[in-house]
Amino acid sequence: MSALTIEGWCKTSGAQKSTPIGEVHFYVDGPLHLRLEEAEERLQKTHEPEAMVDVDMDSMELIMPEGCAPLSDCQMRVYLHDERGQFHLVGHRAIDGSLIYTNAVLIDQLIE
């Protein structure tokens, strides 16, 4: 299981730019890690631009910065950069539907 603490961002409806919200903390367990790797392999074969991977918000122990929780939904967006898979958390703030996301992480940097 990998514990991650990553810079988070918020983009409100109609905003031109995202604003930093602080650190987002969550765990990537074995099953989620496997799904991220499978999505990376699929993108390498199909050349699709991205894949969305569903997550179990309870098992990932998501800790959001103050004022950003709860999220109404949460997924991991997987994409390729220089043929290497990267992912980042993407969701929407329940109170107003604002887009919440984190910086990206290389899939192969996760601990098995």
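1. A word on the labels before we start: strands (E, at least two residues) and helices (H or I, at least four) are DSSP runs, numbered from the N terminus. Keep in mind too that this is a predicted model. With that said, His 88 lies in strand E5, and that strand is a handy place to begin.

2. His 88 has a relative accessible area of 9%, so this histidine counts as buried. What does His 88 touch once its neighbours within four places in sequence are set aside? One group of contacts is Gln 75, Met 76, Arg 77 and Tyr 79; the others are Tyr 101, Thr 102, Asn 103 and Ala 104. With Thr 102 there is a polar detail as well: a polar atom of the His 88 side chain lies 3.2 Å from the backbone oxygen of Thr 102. If you want a distance to check on screen, the C-alpha atoms of His 88 and Met 52 are separated by 9.9 Å, with the two residues 36 apart along the chain.

3. Now the strand pairing around E4. E4 and E5 run antiparallel and are joined by 10 bridges. One of the partnerships puts Cys 74 opposite Gly 91 in E5. The E4 and E5 hairpin has two residues between the strands, and Asp 82 there takes a positive phi near 55°. E4 also pairs with E3, again in the antiparallel sense, over four bridges. In that pairing, Val 53 has Met 76 of E4 as its bridge partner.

4. On to the nonpolar core. As background, nonpolar side chains in soluble globular proteins tend to be buried together. The largest nonpolar core here has 27 residues. Which residues have the most contacts inside this core? They are Phe 26, Val 28, Leu 36, Met 76, Val 78 and Phe 87. Two or more residues each come from strand E1 (2-11), strand E2 (19-28), H1, E3, E4 and E5. Met 76, the bridge partner of Val 53, is thus worth a click, as it also turns up in the contact list of His 88.

5. Val 78 deserves its own look. Not counting residues up to four places away in sequence, Val 78 touches Leu 36, Ala 39, Glu 40 and Leu 43, among others. The list goes on with Pro 49, Glu 50, Ala 51 and Val 53, and then Gln 86, Phe 87 and Ile 107. Leu 36 and Phe 87 are also on the core's most-contacts list.

6. Ser 2 is found in strand E1. Is Ser 2 buried or exposed? It is buried, because its relative accessibility is 4% and the cut-off for buried is under 20%. Beyond its neighbours within four places, Ser 2 is in contact with Phe 26, Tyr 27, Val 28, Leu 110 and Ile 111.

7. Salt bridges next. Side chains of opposite charge can pair when their charged atoms come close. The count here comes to four salt bridges, and three of interest follow. Arg 77 meets Glu 50 at 2.6 Å, N to O. This pair links distant parts of the chain: Arg 77 is in strand E4 (residues 71-81), while Glu 50 is in the loop between helix H1 (30-46) and strand E3 (51-54), 27 residues apart. Both partners are partly exposed, Arg 77 at 24% relative accessibility and Glu 50 at 34%.

8. Arg 84 and Asp 108 form another salt bridge, at 3.0 Å, N to O. Here too distant parts of the chain are linked: Arg 84 belongs to strand E5 (residues 84-93), Asp 108 to the segment after strand E7 (105-106), 24 residues apart. Arg 84 has a relative accessible area of 38%, which makes it partly exposed. Asp 96 and Arg 93 also form a salt bridge, their closest N and O atoms being 2.9 Å apart. Arg 93 counts as buried at 12%, whereas Asp 96 is partly exposed at 43%.

9. Last, the cysteines. Why does the structure hold zero disulfides? For Cys 68, the closest cysteine sulfur is that of Cys 10, and 6.1 Å is too far for a bond. For Cys 74, the closest is in Cys 68, and at 13 Å that is also too far. The cut-off for a disulfide is sulfur atoms within 2.5 Å. Cys 68 is buried at 4% relative accessible area, and Cys 74 is buried at 8%.

Methods:
Residues numbered from 1 in each chain as written. Predicted model: local features only at pLDDT ≥ 70, side-chain atom pairs only at ≥ 80, totals over all residues. Heavy atoms only, no water. Salt bridge = Lys/Arg side-chain N within 4 Å of Asp/Glu carboxyl O. Buried < 20%, exposed > 50% of the residue type's maximum accessible area, 1.4 Å probe, protein only. Core = buried A, V, L, I, M, F, W, Y, C linked by side-chain atoms within 4.5 Å. Contact = heavy atoms within 4.5 Å. Polar contact = N/O pair within 3.5 Å; in protein donor to acceptor, adjacent residues only side chain to side chain. Pairing = 2+ DSSP bridges.
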